[in-house]
Amino acid sequence: MQRLTQFVSVAACIAVTAAIALPAAAQYAKPEDAVKYRQAALTVLGSHMGRINEQLKSSSPNIQAIQTSAGVVESMSKLPWDAFGHGTETIGNTKARPELFKSEAQVKELAEKMQAEATKLNA
């Protein structure tokens with residue numbers, strides 16, 4: 001049983017690593033898929049930031065809830081950036097600023113800043 005559990009853990013790690021490592025073009029069959037992915041990742045990220053905010057406003061914050069959400073925020077902060085590809089700026093009900101689609105370097109810079117801050121938050 002322990003070997004099966006280890007195998008499943010290793011397989012899950014490999015699957016997650018492969019998904020993150022694939023180039024953006026290979027991840028999304030259609031631009032609409034990239035938009036859905038981006039919006040879903042940002043929705044989860046925003047939800048957990050909101051949970052942290054509510055706990056911090058509380059007279060007796062739940063530290064465990066904050067730590068759990070901070071871990072999710074750190075993980076999710078790595079996900080949406082590849083989905084800001086060309087051809088996705090006008091699809092669906094996007095709230096992304098048009099200038100994000102003009103500068104891949106700007107998106108990369110913003111992503112790195114967010115990820116650094118999310119790592120600090122989780123620490």
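Let's start with a small detail: a polar atom on the side chain of Thr-94 sits 3.2 Å from the backbone nitrogen of Ala-96. Keep in mind that this is a predicted model. Thr-94 belongs to the loop that runs between helix H4 (63-76) and H5, and its relative accessible area of 21% makes it partly exposed, because buried would mean under 20%.

Who else does Thr-94 meet? If you skip the neighbours within four places in sequence, Thr-94 is in contact with Arg-38, Gln-39 and Glu-89. With Arg-38 there is a polar contact between the two side chains, at 3.2 Å. Gln-39 is 55 residues away from Thr-94 along the sequence, yet in space the two are 8.0 Å apart, C-alpha to C-alpha.

From here we can step into a pocket. Thr-94, Arg-38, Gln-39 and Ala-96 are among the residues that line the second largest pocket, and so are Trp-81, Phe-84 and Leu-110. This pocket has a volume of about 320 Å³. Which helix gives the most to its lining? That's helix H3 (residues 31-57), with 4 residues. Sorted by class, the lining comes out as 6 nonpolar, 4 polar and 2 charged residues.

Now for the largest pocket, with a volume of about 380 Å³. Its lining counts 16 residues, and those nearest the centre are Trp-81, Asp-82, Glu-104, Val-107 and Lys-108. You've met Trp-81 already, in the lining of the second largest pocket. Here the largest share of the lining, 6 residues, is supplied by helix H5 (residues 104-122). The classes split into 7 nonpolar, 4 polar and 5 charged residues.

Stay with helix H5 for the last stop, the salt bridges. The count for the model is 2. One joins the side chains of Glu-109 and Lys-113, at 3.3 Å from N to O. These two are 4 residues apart in helix H5, so about one helical turn separates them. Glu-109 is partly exposed, with 43% relative accessible area.

The other salt bridge links the side chains of Lys-120 and Glu-117, at 3.1 Å from N to O. Here the spacing in helix H5 is 3 residues, which again means about one helical turn between the partners. Is Lys-120 buried or exposed? Lys-120 is exposed, because its relative accessible area of 56% is over 50%. Glu-117, at 47%, counts as partly exposed.

Technical notes. Residues numbered from 1 in each chain as written. Predicted model: local features only at pLDDT ≥ 70, side-chain atom pairs only at ≥ 80, totals over all residues. Heavy atoms only, no water. 1 Å grid on protein atoms, 1.4 Å probe; cavity = no way out; pocket = protein on both sides within 12 Å on 5 of 7 lines; lining within 4 Å. Points joined across faces, edges and corners; volume = space filled by probe spheres on them. Nonpolar A, V, L, I, M, F, W, Y, C, P; charged D, E, K, R; others polar. Buried < 20%, exposed > 50% of the residue type's maximum accessible area, 1.4 Å probe, protein only. Contact = heavy atoms within 4.5 Å. Polar contact = N/O pair within 3.5 Å; in protein donor to acceptor, adjacent residues only side chain to side chain. Salt bridge = Lys/Arg side-chain N within 4 Å of Asp/Glu carboxyl O.
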